Amino acid sequence: MKTIGIGIVGAGRIGKIHADNLLRMPGVKVAAIADPFAGEALAAWAAERGIARVTADAREILTDPAVEAVVICSPTDTHVPLIVEAAANGKAIFCEKPVSMSVEGTREALRAVAVAGVSLQIGFNRRFDHNFRRVKEIVGEGRVGEPHLIKITSRDPSPPPIEYVKVSGGLFMDMAIHDFDIARFLSGSEVEEVFAQGAVLVDPSIGEAGDIDTAITTLKFASGALGVIDNSRRAVYGYDQRVEVFGSGGSVSIGNDYPNTAVVSGPEAITRDKPLHFFLERYTEAYRDEMRQFVDSVRTGRPVPVSGQDGLQAELIALAAKRSLETGRPVKLAELADAGLALEA
């Protein structure tokens, strides 16, 4: 088996998770990791894992002929220039979501990838979760008939730090973008219109930062189906991830994952442990599988399972949701499709 050299740009939490997952794969070598704040701590972390090179300059990875593919986990505002340079150097690319905070920025990245003829996979990890994948299979087999309603609940156990909120792109771009992608994925249809309502009910400082922490978003699909997504930045009982697809022939739904299946029955109540605490626990295997499939695409030349166009469509939905919240009216994606509009918080 040919060994594939992979470089990682961005050594934060998700960059290190991807590195650890790649290191477990046969025929893969994590050749280098880059981070502008690289220092002794990162060097020690890399040395423990046999990663030979740590650098503060991402260009050293992007131009290295021994690196066949790059995994971009740096802040969002760096994604487009990194993708453009990686593509120009013939690298296959995995990039965390979103590609950028602007429609034109994302299109610039997609053009560079197309011109270079390299692959670009976007980090929508939920598509690789065993629960969501099973729903997709059942819908695809026609077992619920024609989808009529898609219902998604997505609630975090606690809000992120306020400094992160200020630069995150807002709830729709940072959090709900995963739900927008899953809505497209499960329905098999494009979103045509979005109507969003939001509130600040969890933390007043989130509102002061210009964002919301609670939202209901309704979707109209090209197929005629309807969707509804509810988001909250704080569910006191843990990470809440549920989906139902209801159709002409039935329905399929998934609930939360739990650390165990124990249910305690007593005279006063029937109880069980809380759901898995957050996304790192819930989607551990999904993160591994998305990397496996990216590596498989690099090795075989097969198309990536989540394309740059998937990233662009989710960003357009997020932009439409933000515009709807601001204007109080439904927003058609066609209104935005040709606009180079900023997706700002």
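Q: How many bridges must DSSP find between two strands for them to pair?
A: Welcome! The model you are looking at is a predicted one. Strands in it pair on one condition: the number of bridges that DSSP finds between the two must be at least two.

Q: Which residue in β2 is the bridge partner of I6?
A: Let's start with the two strands involved. Strand β1 covers residues 4-9 and strand β2 covers residues 28-34, and the two pair in the parallel sense over six bridges. Within this pairing, G7 stands opposite A32. For I6, the bridge partner in β2 is V30.

Q: In what order do the strands of the open sheet of six strands lie?
A: The pairing in this sheet is parallel. Its edge strands, which each pair on one side only, are β3 (53-55) and β6 (120-122). On average, neighbouring strands here are turned by 20° against each other, direction ignored. Reading across the sheet, the order is β3-β2-β1-β4-β5-β6.

Q: What angle does the direction of helix α4 make with that of β5?
A: Helix α4 spans residues 79-88 and packs on the six-stranded sheet. The strands touched by α4 are β1, β4 (69-72), β5 (92-95) and β6. Between the directions of α4 and β5, the angle is about 165°.

Q: Why is β2 largely enclosed by the rest of the structure?
A: A residue counts as buried under 20% relative accessible area. Strand β2 has seven residues, and it is largely enclosed because the number of them that are buried is six.

Q: Which residue of β3 stands opposite A34?
A: Strands β2 and β3 pair in the parallel sense over three bridges. The path between these two strands includes helix α2 (residues 40-48), and β2, α2 and β3 make a right-handed β-α-β unit. A right-handed unit is also made by β1, helix α1 (residues 13-23) and β2. Opposite A34, in β3, stands T55.

Q: Is the peptide bond from K97 to P98 cis or trans?
A: Most peptide bonds are trans. P98 lies in the loop between β5 and α5 (103-116). The bond from K97 to P98 has omega near -15°, and it is cis.

Q: What kind of pair do the rings of Y239 and F278 form?
A: The structure holds six aromatic pairs. In the pair of Y239 and F278, the ring centres are 5.2 Å apart and the planes stand at 80°. Planes over 60 degrees apart count as edge-to-face. With its angle of 80°, this pair is therefore edge-to-face.

Q: How many residues apart in sequence are the parts that the pair of Y239 and F278 ties together?
A: Y239 lies in the loop between β10 (226-232) and β11 (240-247). F278 lies in the loop between β14 (270-272) and α11 (279-282). Both Y239 and F278 are buried. Their pair ties together parts whose separation in sequence, in residues, is 39.

Q: How far apart are the ring centres of Y239 and Y283?
A: Y283 lies in the loop between α11 and α12 (284-300), so its pair with Y239 ties together parts that are 44 residues apart in sequence. Both Y239 and Y283 are buried. Ring pairs link F132, Y239, F278, F279 and Y283 into a cluster. The planes of Y239 and Y283 are at 85°, so their pair is edge-to-face, and the distance between the centres is 6.1 Å.

Q: Over the ring of which residue does the charged end of R272 sit?
A: One charge over a ring is that of K136, which lies over the face of F185 at 5.0 Å from the ring centre. The charged end of R272 is 3.6 Å from the centre of its ring, and that ring belongs to Y258.

Q: Is A286 buried or exposed?
A: A286 has its place in helix α12. Leaving aside neighbours within four places in sequence, the contacts of A286 are N125, F128 and D129. Buried means under 20% relative accessible area. A286 has 3% relative accessibility, so it counts as buried.

Q: Which residue in β12 is the bridge partner of V243?
A: An open sheet of seven strands, with mixed pairing, has the order β12-β11-β7-β10-β9-β8-β15. Its edge strands are β12 (250-254) and β15 (331-332). Strands β11 and β12 run antiparallel and are joined by five bridges. In β12, V243 has as its bridge partner I254.

Notes: Residues are numbered from 1 along each chain as its sequence is written. This is a predicted model: local features need pLDDT of at least 70, side-chain atom pairs count only at pLDDT 80 or more; totals for chains, interfaces and linings use all residues. Side-chain values use heavy atoms; hydrogens and water are left out. Helices (H or I, at least four residues) and strands (E, at least two) are DSSP runs, numbered from the N terminus. Axes are lines fitted to C-alpha atoms, for helices over the stretch in contact, and angles run from 0 to 180 degrees between N-to-C directions. Contact means heavy atoms within 4.5 Å. Buried means under 20% relative accessible area, exposed over 50%, partly exposed in between (1.4 Å probe, protein chains only). A crossover is right-handed if, with the strands pointing away from the viewer, the path from the first strand over the helix to the second runs clockwise. Rings of Phe, Tyr and Trp (its six-membered ring) pair if their centres lie within 6.5 Å; planes under 30 degrees apart count as stacked, over 60 as edge-to-face and the rest as tilted. A charge sits over a ring if NZ of Lys or CZ of Arg is within 6 Å of the ring centre and within 35 degrees of the ring normal.
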